[in-house]
Amino acid sequence: MDPTKDPNFKSPQELDNESLQSNTDIPKIGPIIPYVLADYNSAIDKPIHPRKYKKNAMKRKLAASMTPNKDTSKNNASSSSGGSGGGSGSGHGSKNGIIPMKQEELQPVSAETSSGSESETSDSESLGAQPDPIDEAATAVAKVAAAAAAVNNTVSAVAAEFNDPSAVDPTTSTSEFVDSSSSVPAVDPEITSRIHKFQIADLEEVPHGITRQANNLKDYQFPTHRLKHRLRNPNKLPLVIVACGSFSPITYLHLRMFEMALDAISEQTRFEVIGGYYSPVSDNYQKPGLAPAHHRVRMCELGCERTSSWLMVDAWESLQPTYTRTAMVLDHFNEEINVKRKGVIKNDLGERMGVKIMLLAGGDLIESMGEPNVWADYDLHHILGNYGCLIVERTGSDVRSFLLSHDIMYEHRRNILVIKQLIYNDISSTKVRLFIRRGMSVQYLLPNSVIRYIQEHGLYVNQTEPVKQVIGNKD
């Protein structure tokens, strides 16, 4: 976040270093990029003896050829004995590899919901059941007829409830998305969706296992519902990713940044990601086009709770009465994860270890660190030295050249991981707000649930922003 947006902003020369000091206990964890190859868990730079390597290669080849036979014989033995004592698949392939495998927990939710039907299908196939095609067709027709009747009854009931007789008629064109009797400001019909109220899912319906954030500090609780409490690989180091920003509104680029960071960390480092957080800025951040904090927090929750299995939203920064420096936000996460919860469980013995926390940012934010009288040197040393930064390159920004020229960032270069976009994505919240004001479509730029929330609350419609900000901003 740009510190100059703070209404009480003071230049670094006016600040007292004592007021910037941090009192949180940060765990001593190595940099994101090892100093030497020997820092890796496996000795990838160890010399190879030709005779020994050839002998081990023959052993590996023999073991690979023998493994399927062992599994087959075991399965045959278990099936002949009535199915007692099943065997489990071997997972040693991901244990010895240099590049860690992707986390199995980060699979789409649909993979879990379809397991029941798949198991039923496999059971029927194993029993050799072959239904009659005629009976199957008759059953399908009956199901379709019953479903059609249920839909008609539902439409009639909802139409009667909302006193909207046009809802029963499928040829009716549209209905108003925003209720005229509500206190929400009137929205141009061209901007609203051409669907009925009863066709929209309740945005306040919280999915199972999700914890929504409070609207005040009194009821605030740190979200941990998707934070892993135990490492999958005890040889790795735990890592939490934090993204600070306005998120007004959250877009698909904000979601993709976390996925790109996850890929880079899995392939290039020895860390294991145990959670990711959005931290929207408070209303004291003086920036045109900023929606109220509670709206931005809710949009972030809608954006990630139905599309991700590891991302969360923390409202602590948005609930603060004053602007909070990025260094203090990272201190807050360290306090909640490492101090209060004692980090994460490392192994089966219950040993715990500290979690490394890193800031996820775009290339434009990092370039602002080089502007004079914006960032205090102490904050830069604290953020880059004690935590670290994951930088996602954006179009038109040369992050690597900037790191080379910036003294403080070059000093902490091993704690900075530059992430290159393989598929460039330049969606910006500023452009999304402009499209909404102009009555243009924002479909496929941000999640549908966020679009519906914006329409329902009439956000960004009657706002104005400086032309310079609209043209040059990349938030």
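**Note on the predicted model**

1. Ring pairs join Phe247, Phe258, Tyr278 and Trp310 into a cluster. Start here when looking at the structure, which is a predicted model. There are seven aromatic pairs in the structure. One of them, Phe258 with Trp310, is edge-to-face. Its ring centres are 5.9 Å apart, and the planes make 75°. Phe258 belongs to helix H7, while Trp310 sits in the loop between H8 and S3, so this pair ties together parts that are 52 residues apart in sequence.

2. Are the two rings of this pair buried or exposed? Phe258 has 0% relative accessibility, so it counts as buried. Trp310 has 5% and is buried too, because buried means under 20%.

3. Now the overall picture. The protein chain has 16 helices and eight strands. It runs to 475 residues, of which 41% count as buried. Take the contacts in the chain with a separation of 6 or more: residues 24 or more positions apart account for 80% of them.

4. The sheet comes next. Six strands form an open sheet, and their pairing is parallel. The order is S3-S2-S1-S6-S7-S8. Which strands stand at the edges? They are S3 (311–313) and S8 (416–419). Each has a single partner strand, so one side of each is left without a neighbour in the sheet. From one strand to the next, the twist averages 25°. As background, strands of a sheet pair through backbone hydrogen bonds, either parallel or antiparallel.

5. Look at one pairing inside the sheet. Strand S6 covers residues 356–362 and strand S7 covers residues 389–392. They pair in the parallel sense over four bridges. Leu360 stands opposite Leu390 in S7.

6. Two helices deserve a look against the sheet. Helix H7 (residues 252–268) lies across S1 (237–245), S2 (271–280), S3, S6, S7 and S8. It runs at about 160° to S2. Helix H8 (residues 293–305) also packs on the sheet, where it touches S2 and S3. The direction of H8 makes about 165° with that of S3.

7. The largest nonpolar core has 89 residues. Which of them touch the most other members? They are Val240, Ile241, Tyr278, Leu360 and Leu390. Helix H7 gives this core its largest share, nine residues. Tyr278 is also part of the ring cluster in point 1.

8. Follow Leu360 outward. Leaving out residues up to four places away in sequence, Leu360 touches Ile241, Val242, Ala243, Cys244, Met257, Phe258, Ala261, Leu390 and Val392. Its list thus takes in Leu390, the residue opposite in S7, and Phe258, a member of the ring cluster.

9. Gly303 is worth a separate check. It is found in helix H8. With a relative accessible area of 0%, Gly303 is buried. Beyond its neighbours within four places in sequence, Gly303 is in contact with Leu255, Pro447, Ser449 and Val450. Its C-alpha atom is separated by 8.4 Å from that of Asn448, although the two residues are 145 apart along the chain.

10. Ser449, one of the contacts of Gly303, has its place in helix H15 (residues 448–457). Is Ser449 buried or exposed? It is buried, with a relative accessible area of 11%. A polar atom of its side chain lies 3.2 Å from the backbone oxygen of Leu302.

11. Helix H14 (residues 429–437) holds Lys431, and Val432 is in H14 as well. Their exposure can be set side by side. Lys431 is partly exposed, with a relative accessible area of 32%, whereas Val432 is buried at 1%.

12. Both residues have partners further along the chain. Lys431 and Val470 are 39 residues apart in sequence, yet 6.8 Å apart from C-alpha to C-alpha. For Val432 and Leu445, 13 residues apart along the chain, the C-alpha separation is 7.7 Å. Residues up to four places away in sequence aside, Val432 touches Pro249, Thr251, Ile427, Val442, Leu445 and Leu446.

Methods:
Residues are numbered from 1 along each chain as its sequence is written. This is a predicted model: local features need pLDDT of at least 70, side-chain atom pairs count only at pLDDT 80 or more; totals for chains, interfaces and linings use all residues. Side-chain values use heavy atoms; hydrogens and water are left out. Buried means under 20% relative accessible area, exposed over 50%, partly exposed in between (1.4 Å probe, protein chains only). A polar contact is a pair of N or O atoms within 3.5 Å; within protein, one must be able to donate a hydrogen and the other to accept it, and residues adjacent in sequence count only if both atoms are side-chain atoms. Two strands pair if DSSP finds at least two bridges between them. Axes are lines fitted to C-alpha atoms, for helices over the stretch in contact, and angles run from 0 to 180 degrees between N-to-C directions. Contact means heavy atoms within 4.5 Å. A nonpolar core is a set of buried Ala, Val, Leu, Ile, Met, Phe, Trp, Tyr and Cys residues joined through side-chain atoms within 4.5 Å. Rings of Phe, Tyr and Trp (its six-membered ring) pair if their centres lie within 6.5 Å; planes under 30 degrees apart count as stacked, over 60 as edge-to-face and the rest as tilted.
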